[in-house]
Amino acid sequence: MSHNDQPAQLEFCSANPILKYTQDDLSQRGVFGTLFCTNFRVTFISDEKPQEKTDKTFKNKLYGENDIPLMCVDHIYGVYDEKRKLITGGLVKNKYPSKMIIHCKDLRVFQFSLTFSKEEDAKKIFQGIAHHCLEEKSLKCVFAFSYMGTPSPGTDLSFCRAFFFFFFFFRMINAVAHNHLYSVKTEDLSESLPNIQDIQQSYNKFKQFFLIENSTDFWLSDVKWFSSLESSGWLDIIRQCLQKAVEVVECLEKDNTNVLITEEEGTDLCCVISSLAQIMLDPYYRTLMGFQSLVQKEWVAGCHAFLDRCNHLHQKDKEYHSPVFLLFLECVWQLVHQHSPAFQFSETYLTVLSDSVHVPVFSTFLFNSSHHRESVMKAESPLAQSGPLSCPTVWDWSVQFDSKAQNFFFNPLYLEKVKHDRAVRKPHKPKHQRNLSLPSTAFKTPPKKGFFKDETDSLKKMLRVKRLSRWRGSPDAPTATTREFFESWQHRPLDYHGLLLPCLDGPAVHIWMQRYLRWIPEVYILGGGSVAVMTKLMELLSQVQDLKRVLEQRDSSQAAKLDHRPYFQHRLLSFDSSGRLSSSFPFAYTCYRSFKPIIPTGLMQSLMVTDSLASQEDEASSVVSFV
């Protein structure tokens, strides 16, 4: 079966009529339609015809704006007698709520009224959605196993051999033996960075400020928004990870010192720090293909436990749940935000990649290791004689987007390195790379995931290593040497294809606005935001490239060497023709409600807004709309 041929989904239950609410404060407005639950998604199909035909350029083939992949459901709440309750397995057996609220892992919020359907239908759809989205399940129940096709050569990037770790272990020993004159530093990330439980708790606090159910919630949170975000600790964890990566880079680049990073399992923060260090050191990993190969070798082949950390199977044991890969993408976004011309890929690419983690189709994020994937695929394949079946990888972007939409993955401001000849490109050989990250303690998991503590301790003794954190100083703040290293780099001539370091001073660490605010209409800027700036820059870039084309055409000998990239820029510019773009572009074009800010009167008075905007007789629940 071709990956482009979507298999038929199995419908579990449905109900009609269901009212899907908009997020207008207290208005209870919405649209009626049918709510379905299948083995892939929860989907709402409106009974109303769209008022205008919208041809969205950036459209996901697998799911639309009213679809929720089952893996993407984070929490479900029920409203019983005006009281909102978190739904658990026990509550599902009770009477169905009048209203169901779904919080998604991509931060979308859906609200459905069940009061207009027949009691039996309402009960079935509520219990069906709660069961298939929240209850523990086996891996073979995931939709990906209905999406499988026969494996094709070259789609797996060659990283699924069981001897992978043993090969790299001896490779590391050999590398150290040949570099015995260089000093070696070690860093136990389990001691110097937050553990996976701390990361999970911090992110749980942080994301709540973006799961907005109505306008009142937004304006109430707006009062102390920035201070509340800071208190969650999420931005500080991002800062700590970037700081640790800079320290590793300093050892490698400035001091010519090997670094041995360790942690409890060697497949979480080791992946984060190692990947960030390589991005800072090597411009190849700032290209789209380079970045994808980095994720594949450091995370997928490096045995990051995506299945457990992302809790795809809704396991009750929360000890292993943690958004470690999202933390890495957050750190990469900080680098992209600060040094945009150095990256070939855009922030939209990173946002889509973070969403794709929770789409139950791709093998990339579905297993705990390559060995785990091989075992499951072989066991579940009904055609074991002809070899195991294969799920598509997330890197096959044609599964989700057409070629026009994929243009958004590229950064038009990327400063491509000038090629002085047309020689065949040689395979990339990184200057610095992770040979292996060792566990600092004995594993609770099977040995397929790495090595035991004895091997780690033996290697440390053999190398006579010194701890990086003791060598550098306190992990809580940049040391004088690290700051000097950064300042020295700042004074060098700007080179986007050389060493790249982040600024980590207070306000330099920003919020990933596109990912976190794209579904909140109150913060939309019609015709403005980053899309307006990007469009203007792209217009200027297109004019420069057109001028370059004219000049090159004057020399007939150069005609065959014309750069065709301006066509790519023109396609992007055509996206602005609709005039409906906002700062949320390309994820949201329009919304059901007005863009006028709506603030509850009582809240306005508490904020000491002028009394003339609302009469004293207004009820606490009334609203005022600014034109």
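A polar contact is a pair of N or O atoms within 3.5 Å, where, within protein, one must be able to donate a hydrogen and the other to accept it. In this predicted model, such a contact joins the side chains of Thr43 and Asp67, at 2.2 Å. Thr43 belongs to strand S3, which covers residues 41-46. Its relative accessibility is 9%. Thr43 therefore counts as buried, since the cut-off is under 20%. Beyond its neighbours within four places in sequence, Thr43 is in contact with Thr34, Leu35, Phe36, Asn66 and Asp67. Asp67 is thus named twice for Thr43: in the polar contact and in the contact list.

Helix H2 spans residues 119-134. It has 16 residues. From the first C-alpha to the last, H2 reaches 22 Å, close to the 22 Å expected at 1.5 Å a residue. The buried residues of H2 are Ala122, Ile125, Phe126, Gly128, Ile129, Ala130, Cys133 and Leu134. A charged pair also lies in this helix: Lys124 forms a salt bridge with Glu120. The closest N and O atoms of that pair are 3.3 Å apart. Lys124 and Glu120 are four residues apart, about one turn of the helix. Lys124 has a relative accessibility of 46% and so counts as partly exposed. Glu120, with a relative accessible area of 54%, is exposed.

Side chains of opposite charge can pair when their charged atoms come close. Across the whole structure, the search finds 13 salt bridges. The pair Lys124 and Glu120 is one of them. Another joins Lys297 to Glu298, with the closest N and O atoms 2.8 Å apart. Both Lys297 and Glu298 are buried.

Arg518 forms a salt bridge with Asp355, and here the closest N and O atoms are 2.8 Å apart. This pair links distant parts of the chain, 163 residues apart. Arg518 sits in the loop between helix H19 (513-517) and helix H20 (530-553). Asp355 sits in helix H13, residues 347-356. Arg518 is buried, and so is Asp355. Elsewhere, salt bridges that share partners join Glu187, Lys244 and Glu247 into one network.

Annotated positions were examined next. In an unreviewed UniProt entry, the annotation "binding site" covers Asn195 and Ile196. Asn195 is found in the loop between helix H4 (189-192) and helix H5 (196-207). Ile196 has its place in helix H5. Asn195 has a relative accessible area of 36%, so it is partly exposed. Ile196 is buried, because its relative accessible area of 13% falls under 20%. The side chain of Asn195 reaches the backbone nitrogen of Gln197 at 3.1 Å. Ile196 touches Asp268, Arg309, Glu319, Tyr320, His321, Ser322 and Val324, not counting residues up to four places away in sequence. The two annotated residues thus fall into separate accessibility classes: Asn195 is partly exposed, and Ile196 is buried.

Technical notes
Residues are numbered from 1 along each chain as its sequence is written. This is a predicted model: local features need pLDDT of at least 70, side-chain atom pairs count only at pLDDT 80 or more; totals for chains, interfaces and linings use all residues. Side-chain values use heavy atoms; hydrogens and water are left out. Helices (H or I, at least four residues) and strands (E, at least two) are DSSP runs, numbered from the N terminus. Buried means under 20% relative accessible area, exposed over 50%, partly exposed in between (1.4 Å probe, protein chains only). Contact means heavy atoms within 4.5 Å. The expected span of a helix is 1.5 Å times one less than its number of residues. A salt bridge is a side-chain nitrogen of Lys or Arg within 4 Å of a carboxyl oxygen of Asp or Glu. UniProt positions are given in the numbering used here, feature names are shortened, and annotations may be inferred rather than shown by experiment.
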